[in-house]
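Got your viewer open and a hand on the mouse? Let's take a walk through this chain, one selection at a time.

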Amino acid sequence: MEARVKAGIWVSMALRLADSAGRSGAVLRKGDPDSGGILCVLRGREGLVVLSQVRDAEGRPAWLRGTGAAPVDESTTDAYVARQVKRDPDLWVVEFDAPDLKPPFEGKLL
């Protein structure tokens with residue numbers, strides 16, 4: 001079984017990776033620092049994509065394109081994030097400048 005990193009530490013790491021890659025990142029909503037879930041909003045040239053933190057079949061961390069495969073507009077993104085936060089009030093929401101719609105961190109995409 002893989003050790004789980006606290007959400008607040010993971011967010012700090014992701015923001016530093018983005019910064020070192022010359023991309024800006026910001027916390028839009030702080031969640032539970034220990035066990036909160038994470039949504040990553042990627043802001044690209046073609047629109048936005050929201051990645052939702054999940055676990056794969058073996059229990060390893062992975063990311064799911066919560067808003068679908070294609071980029072979406074701001075209102076669709078905001079509605080998706082609002083629904084998820086309503087369902088999970090401990091959720092973190094982090095946004096990254098991602099012209100290519102790729103996250104600044106490594107992770108398995110489902």
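In which strand is the place of Ser52? Select Ser52 and look: it sits in strand β3. One thing to keep in mind as you click around is that this is a predicted model.

**Stop 1: Ser52 and its company**

Keep Ser52 selected. Is Ser52 buried or exposed? It is buried, because its relative accessible area is 12% and the cut-off for buried is under 20%. Now show what lies around Ser52. Not counting residues up to four places away in sequence, Ser52 touches Ile38, Leu39, Ala62, Trp63, Leu64 and Tyr80. Remember Tyr80, as it comes back at the next stop.

**Stop 2: helix α2**

Select residues 74-87, which make up helix α2. Put a distance between the C-alpha atoms at its two ends: they are 20 Å apart. That agrees with the 20 Å expected for 14 residues at 1.5 Å a residue.

Which residues of α2 are buried? Colour Thr77, Tyr80, Val81, Gln84 and Val85. Then turn the view until you look down the axis of α2: these buried residues fall within an arc of 130°, so they line one face of the helix. The spacing makes sense, because an α-helix has 3.6 residues a turn and residues three or four places apart point the same way.

Pick a second colour for Ser75, Arg83, Lys86 and Arg87, which are exposed on the other side of α2. Going back to the buried residues of α2, you'll find them packing against β1 (25-29), β2 (38-43), β3 (48-55) and β5 (92-97).

**Stop 3: helix α1**

Now select helix α1, residues 7-20. Its end C-alpha atoms are 20 Å apart, in agreement with the 20 Å that its 14 residues should span. The buried residues here are Ala7, Gly8, Trp10, Val11, Ala14 and Ala18. They cover an arc of only 160° around the axis, which puts them on the same side of α1. On the face turned away from that buried side, look for the exposed residues Ile9, Arg16, Asp19 and Ser20.

What do the buried residues of α1 pack against? Show β1, β2, β4 (61-65) and β5 to see these partners.

Before leaving α1, click on Leu17, which is found in this helix. With a relative accessibility of 34%, Leu17 counts as partly exposed. Apart from neighbours within four places in sequence, Leu17 is in contact with Pro104 and Phe105. Try a distance from Leu17 to Glu46 as well: they are 29 residues apart in sequence, and their C-alpha atoms are 22 Å apart in space. Just beyond, α1 is followed by Gly22, whose phi is positive, near 80°.

**Stop 4: the nonpolar cores**

Show side chains for Trp10, Ile38, Cys40, Trp63, Phe96 and Phe105. These have the most contacts inside the largest nonpolar core, which has 17 residues. Which elements each supply at least two residues of this core? They are α1, β2, β3 and β5. The largest share, five residues, comes from α1. There is also a second, separate core of nine residues, including Leu39, Leu48, Val50 and Tyr80. As a rule, nonpolar side chains in soluble globular proteins tend to be buried together.

Zoom in on Phe96 next. Leaving out neighbours within four places in sequence, its contacts include Ala14, Leu15, Ala18, Cys40, Val41, Leu42, Pro104 and Phe105.

**Stop 5: Leu101**

Move to Leu101, in the segment after β5. Its phi is positive, about 60°, although Leu101 is not a glycine. Most residues other than glycine have a negative phi. Leu101 is also buried, with a relative accessible area of 13%.

**Stop 6: zoom out**

Clear your selections and view the whole chain. How many helices and strands do you get? There are two helices and five strands, and from the N terminus on they run α-β-β-β-β-α-β. The C-alpha trace spans about 40 × 30 × 25 Å along its principal axes. The radius of gyration is 13 Å, which agrees with the value near 13 Å for a compact globule of 110 residues. Of those 110 residues, 38% count as buried. Finally, among contacts with a separation of 6 or more, 71% are between residues 24 or more positions apart.

Definitions and conventions
Residues numbered from 1 in each chain as written. Predicted model: local features only at pLDDT ≥ 70, side-chain atom pairs only at ≥ 80, totals over all residues. Heavy atoms only, no water. Helix = DSSP H or I, 4+ residues; strand = E, 2+ residues; numbered from the N terminus. Expected span 1.5 Å × (residues − 1). Buried < 20%, exposed > 50% of the residue type's maximum accessible area, 1.4 Å probe, protein only. Arc of directions from axis to C-beta. Contact = heavy atoms within 4.5 Å. Core = buried A, V, L, I, M, F, W, Y, C linked by side-chain atoms within 4.5 Å. Rg over C-alpha atoms; globule rule 2.2 N^0.38 Å.
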